[in-house]
Amino acid sequence: MIRDIKRFSQKEYDLLVIGGGINGCAIANLASGAGMKVALVDKGDFASGTSTKTTKLIHGGIRYLENFEFDLVYEALHERFIQLKTVPYLVKPLGFVVPVYKKDARPLWMMRIGVWLYDFLSGAYVIEKHRYLTVRQITGLVPGIKQEDLVGGVMYYDAQMDDARVCLENALMADHLGAHLANYVEVTNFLKRNGKVTGVRARDVLTEHTFEIKAKKVVCAIGPWTNHFLRLDNPRARARVRTTKGVHLVYRGQMAPQAILLSSQQDKRIFFIIPWKGNSLIGTTDTDYFDSPNQVSVKEEDVDYLLREAQRIFPDKPLSKDNIITTFAGLRPLVHDEGAPAKVSRKHVIEETYSGLIFVMGGKYTTYRKIAEDCLQFLRRNRIPLALSQFHLYGSGAINAPSQEIAQHCSLDEATVDILKNTYGIRYQQILKLVEKNPQWKNCLCSCSPAIEAQVVYAIESEMAQTKEDIIWRRLSIGYNDCPTKQCRERIQQILAEFKST
Ligand SMILES: Cc1cc2nc3c(=O)[nH]c(=O)nc-3n(C[C@H](O)[C@H](O)[C@H](O)COP(=O)(O)OP(=O)(O)OC[C@H]3O[C@@H](n4cnc5c(N)ncnc54)[C@H](O)[C@@H]3O)c2cc1C
């Protein structure tokens with residue numbers, strides 16, 4: 001995937017997608033597969049907005065059952081099944097233990113009905129059937145869990161994903177199918193003729209060069225930035241998106257081999273403690289947010305809330321801020337509605353403004369394929385030819401060679417080969433080719449992970465990584481690792497500098 005800014009001004013595209021989050025990248029992927037001439041730009045890196053600040057779940061959303069959103073849960077469960085099947089290297093099954101305490105907002109009978117209904121809605125797509133758990137079974141599954149007032153629980157199954165990579169795989173596939181994509185290109189205004197949008201004015205954030213991109217149709221898949229763009233198009237436009245902030249923290253060490261779903265005591269919300277890259281992902285909060293999406297940040301009270309709620313169920317294990325590896329905050333771009341943030345529907349909506357701009361709003365990461373498909377159906381009504389093709393991701397396909405054999409053949413650690421397969425799918429061979437070209441790139445970046453230097457080279461040469469952060473958070477996802485030396489960061493910076501100077 002080459003970042004070639006010059007080509008954006010050389011033709012009129014069928015479709016310009018603004019926003020390289022999951023929705024934008026998926027729309028570009030599907031539209032390119034349908035034969036459209038597509039361009040996509042993002043003012044940051046791919047997935048640098050909401051799409052990498054998630055709980056990392058591909059799930060039906062068991063908590064939406066309380067809001068009676070059975071259609072949303074059903075659709076998401078179906079999507080979960082397809083992604084587990086087609087992208088098994090990035091989306092994997094995960095068991096959830098739900099311990100229930102005497103005064104919990106959701107009593108045991110309710111949780112039992114909930115998981116039964118969840119599996120019923122999954123139908124043939126169920127991962128593994130739910131189970132009822134006794135107190136003894138729960139303490140066996142989650143060592144150190146608070147036993148006082150514990151009345152029992154349930155276990156059910158969902159899936160976990162690498163959000164940054166799923167998004168990038170859509171971008172890479174779109175590029176493979178002929179789309180022109182660029183990160184670090186900000187759309188600053190719209191071009192209009194007779195009140196109708198004909199393209200955009202854009203700025204290369206890396207060079208400050210400004211240019212125009214012309215397109216027959218422009219789709220805004222800009223998540224939390226939607227209201228700003230609606231007003232850029234029409235200063236009197238109403239806000240359509242309600243942004244609510246969600247904070248996560250990554251805590252040193254794995255609290256349990258399975259995920260744990262809990263009801264918060266403070267506000268009765270559901271939150272999770274999830275195993276994530278050898279550590280624990282704790283989240284999330286859900287509070288209304290009114291400032292600029294560019295400034296969203298983690299506040300002390302967010303961290304206090306999450307640590308307090310996690311501490312409640314691990315009373316003998318003092319949780320300290322010193323053991324927090326990292327924190328991150330994202331904004332849910334929900335379609336505007338009244339009521340408590342957690343009660344606002346996660347359904348998506350696609351609307352066209354008077355000037356012909358198409359806005360994609362709301363939705364969940366899990367249902368991104370459906371959102372892209374609906375967006376293209378919407379475009380088809382506008383007479384753009386389209387044959388809905390099947391979704392493919394860049395690394396999809398069967399990998400038959402066992403890791404041990406590959407490791408022996410290439411003189412690599414088996415753990416490294418597993419990382420390569422679980423990051424790139426069938427494209428892991430491209431990393432092996434780099435290693436063949438330069439055996440020095442076999443070196444591990446750091447003691448904190450089996451990732452190797454060739455992956456950094458690949459990220460720069462083939463995955464459009466521009467900065468150290470792009471590589472740490474959105475190509476190799478090693479930022480979540482517990483790294484005492486930070487040697488990986490230094491080595492990445494050195495390799496980047498070597499490549500940028502040539
Ligand atoms: C805390 C939290 C947890 C979540 N957990 C889950 C989960 O576990 N599972 C699940 O299914 N869903 C989850 N979601 C929902 C999911 O993350 C979102 O629905 C999804 O990521 C939205 O993607 P998007 O592409 O619409 O927006 P984004 O990912 O925000 O992408 C929008 C992009 O537009 C770009 N942009 C903005 N302005 C401009 C401009 N002027 N020019 C060019 N580009 C621009 C931004 O840089 C950004 O990259 C969660 C959301 C949050 C906040």
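What follows is a chat about a predicted model of a protein and the ligand it holds.

Me: Let's start with the overall layout. Which domains does the protein have?
Reply: In this predicted model, the domain assignment gives domain 1 (6–51 + 164–238 + 345–381), domain 2 (91–159 + 242–343) and domain 3 (403–500).

Me: How far apart are the centres of domain 2 and domain 3?
Reply: Taken over C-alpha atoms, the centre of domain 2 and the centre of domain 3 are separated by 31 Å.

Me: And how many residues are in contact there?
Reply: On the domain 2 side there are seven residues, and they are in contact with four residues of domain 3. The residues on the side of domain 2 that touches domain 3 divide into three nonpolar, two polar and two charged.

Me: Switching to the ligand, which residues come nearest to it?
Reply: There are 37 residues around the ligand, and of these the nearest are Gly 19, Gly 21, Gly 49, Gly 223 and Gly 246. The elements giving two or more residues to this shell are the helix α1 (22–33) and the strands β8 (185–193) and β16 (324–335).

Me: Which of those gives the largest share?
Reply: That is β16, which supplies four residues to the shell around the ligand.

Me: What about the domains, which ones does the shell draw on?
Reply: Domain 1 and domain 2 each provide at least three residues to the shell around the ligand.

Me: How do the shell residues divide into nonpolar, polar and charged?
Reply: The shell around the ligand has 12 nonpolar residues, 18 polar residues and seven charged residues.

Me: Now the strands. Which residues cover the two faces of β2?
Reply: Strand β2 (residues 38–41) is covered on both faces, with Val 38 and Leu 40 buried on one side, while Ala 39 and Val 41 are buried on the other.

Me: What does β2 pair with?
Reply: Strand β1 (residues 12–18) runs parallel to β2 and is joined to it by four bridges, and within that pairing Ile 18 has Val 41 as its bridge partner. On the way from β1 to β2 the chain passes through α1, and this β-α-β crossover is right-handed. Strand β7 (residues 180–182) is also parallel to β2, with three bridges joining the two, and there Leu 40 has Leu 181 as its bridge partner.

Me: OK, and why is β12 described as largely enclosed?
Reply: Strand β12 (residues 259–263) is largely enclosed by the rest of the structure because five of its five residues are buried. Looking at its two faces, Ala 259, Leu 261 and Ser 263 are buried on one side, and Ile 260 and Leu 262 are buried on the other.

Me: Which strands are joined to β12?
Reply: Strand β4 (residues 91–101) is joined to β12 by two bridges and runs parallel to it, with Val 97 standing opposite Ile 260. Strand β13 (residues 270–276) is joined to β12 by four bridges and runs antiparallel, with Leu 261 standing opposite Phe 272.

Me: What do β12 and β13 form, then?
Reply: They form a hairpin with six residues between the two strands, and Lys 268 in the turn has a positive phi of about 70°.

Me: Where else is there a positive phi?
Reply: Phe 68 has a positive phi of about 60°, and Asp 149 has one of about 70°, although neither is a glycine. These values are worth a second look because most residues other than glycine have a negative phi.

Me: Is Phe 68 buried or exposed?
Reply: Phe 68 is exposed because it has 9 other C-beta atoms within 10 Å, and the cut-off for exposed is 12 or fewer. Phe 68 lies in the loop between β3 (57–58) and α2 (70–86).

Me: And Asp 149, buried or exposed?
Reply: Asp 149 counts as exposed because it has 10 C-beta neighbours inside 10 Å. Asp 149 is found in the loop between α4 (135–141) and β6 (150–161).

Me: One last thing, which peptide bond is cis?
Reply: The bond from Gly 283 to Thr 284 is cis, with omega near 15°, and Thr 284 is found in the loop between β14 (279–283) and β15 (287–288).

Technical notes. Residues are numbered from 1 along each chain as its sequence is written. This is a predicted model: local features need pLDDT of at least 70, side-chain atom pairs count only at pLDDT 80 or more; totals for chains, interfaces and linings use all residues. A residue is near a molecule or strand if its C-beta atom, placed from the backbone, lies within 6 Å of it. Ala, Val, Leu, Ile, Met, Phe, Trp, Tyr, Cys and Pro count as nonpolar, Asp, Glu, Lys and Arg as charged, and the others, Gly among them, as polar. Domain bounds come from an automatic or database domain assignment. A residue is buried if 20 or more other C-beta atoms lie within 10 Å of its own, exposed if 12 or fewer, and partly exposed in between; C-beta atoms are placed from the backbone. Two strands pair if DSSP finds at least two bridges between them. A crossover is right-handed if, with the strands pointing away from the viewer, the path from the first strand over the helix to the second runs clockwise. Two residues are in contact if their C-beta atoms, placed from the backbone, lie within 7 Å.
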